[in-house]
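Trainee: Could you take a close look at one part of this model with me, the ring pair inside it, and then work outwards to the charged side chains and the cysteines? I'd like one connected story.

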Amino acid sequence: MKTPPPRALADAPTRVVHCEDALAWLTRAPVLDGCSVFTSLPDVSELAPMGLDAWRRWFVDAAALVLARVPDDGVAVFYQTDTKVDGRWIDKGYLVQRAAEETGHPLRWHKVVCRRPAGTPIPGRPGYAHLLCFSRGVTPDPSRATPDVLPSLGAMTWSRAMGLDAARLAVRFIRTHTRSHTVVDPFCGHGTALAAANEAGLHAVGVELGAKRARRARRLDLARDLVRDGAGEGAAEG
């Protein structure tokens, strides 16, 4: 895997997006030295015709592969929204935790991001998203603690994107608590995590199977392309 070389944060951050299958890319990659990962694994609805049980196995295996590529001095942050399939509520935070237990990555923090104002019912959908941070070697500084509940996702590029407030929180943690110079998102979609990393002065590397999405991820501009507030959206990525 080619990642940008370490640079002083004053230098212009770079962005590279590979258009290919994320798991194939991760399988070939060594440990991502100098990097942290911030990503959102796809929902079962995005991997049709894969059935629910097969997707659950795929999800845990994919999360474990992501974690296996994170260096001990980096972190892996997952942004995931639960889903409901045929009356079964699927807790993606639990699935990521299962993968982390398999790979020996302690959970360093778990935050809840409100997708609608607290107390607002959303029939058939969760009113929150998970932000979960794992690392073998990075222990958060208690003096720099951030809220465990975020009141909104923030602005979004489209209805399945990460909310910008959530993305900025995750990237800010990477920027202040690790020595990582690059943020990697193996399932980068339209590139919100990559753009947030660049905004914070970090290099970014993404992987996206869809050619159209990969092109958008390469050129996403947060000032230009954020089109809606995630608090009012019905579905979020991951």
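Mentor: F78 and F134 are both buried. Keep in mind that this is a predicted model. The ring centres of F78 and F134 are 6.0 Å apart and the planes are at 75°, so we call this pair edge-to-face. The two partners come from distant parts of the chain: F78 belongs to strand β3 (residues 76–80) and F134 to strand β7 (residues 128–134), 56 residues apart.

That's one piece of a bigger set, since the count comes to four aromatic pairs. Another of them is W58 with F187, also edge-to-face, at 6.1 Å centre to centre and 75° between the planes. Here W58 sits in helix α2 (residues 52–68), while F187 is in the loop between β10 (182–185) and α5 (192–199), 129 residues apart. W58 counts as buried because its relative accessibility is 18%, under the 20% cut-off. F187 is buried too, with a relative accessible area of 12%.

Now for a ring with a charge over it. The charged end of K111 lies over the ring of W109, 5.1 Å from the ring's centre. K111 has a second partner: it makes a salt bridge with D148, with the closest N and O atoms 3.7 Å apart. D148 is in the loop between β7 and β8 and K111 is in strand β6 (residues 107–114), so this bridge ties together parts 37 residues apart in sequence. And K111 is buried, at 3% relative accessibility.

Altogether, a search of the whole structure turns up eight salt bridges. One of them joins the side chains of R136 and D72 (3.6 Å, N to O). R136 is in the loop between β7 and β8, and D72 is in the loop between α2 and β3, so parts 64 residues apart in sequence are tied together. R136 is partly exposed at 39% relative accessibility, and D72 is partly exposed at 45%. R168 and E199 form another bridge, with their closest N and O atoms 2.7 Å apart. That one links helix α4 (residues 164–177), home of R168, to helix α5, home of E199, 31 residues apart.

What about the cysteines? The structure holds zero disulfides. The sulfur of C114 is 20 Å from the closest cysteine sulfur, in C133, so that is too far for a bond. C188 has its closest cysteine sulfur in C19, 9.1 Å away, which is also too far for a bond. Both C114, at 12% relative accessibility, and C188, at 3%, count as buried.

How values were computed. Residues are numbered from 1 along each chain as its sequence is written. This is a predicted model: local features need pLDDT of at least 70, side-chain atom pairs count only at pLDDT 80 or more; totals for chains, interfaces and linings use all residues. Side-chain values use heavy atoms; hydrogens and water are left out. Rings of Phe, Tyr and Trp (its six-membered ring) pair if their centres lie within 6.5 Å; planes under 30 degrees apart count as stacked, over 60 as edge-to-face and the rest as tilted. Helices (H or I, at least four residues) and strands (E, at least two) are DSSP runs, numbered from the N terminus. Buried means under 20% relative accessible area, exposed over 50%, partly exposed in between (1.4 Å probe, protein chains only). A charge sits over a ring if NZ of Lys or CZ of Arg is within 6 Å of the ring centre and within 35 degrees of the ring normal. A disulfide is a pair of cysteine sulfur atoms within 2.5 Å. A salt bridge is a side-chain nitrogen of Lys or Arg within 4 Å of a carboxyl oxygen of Asp or Glu.
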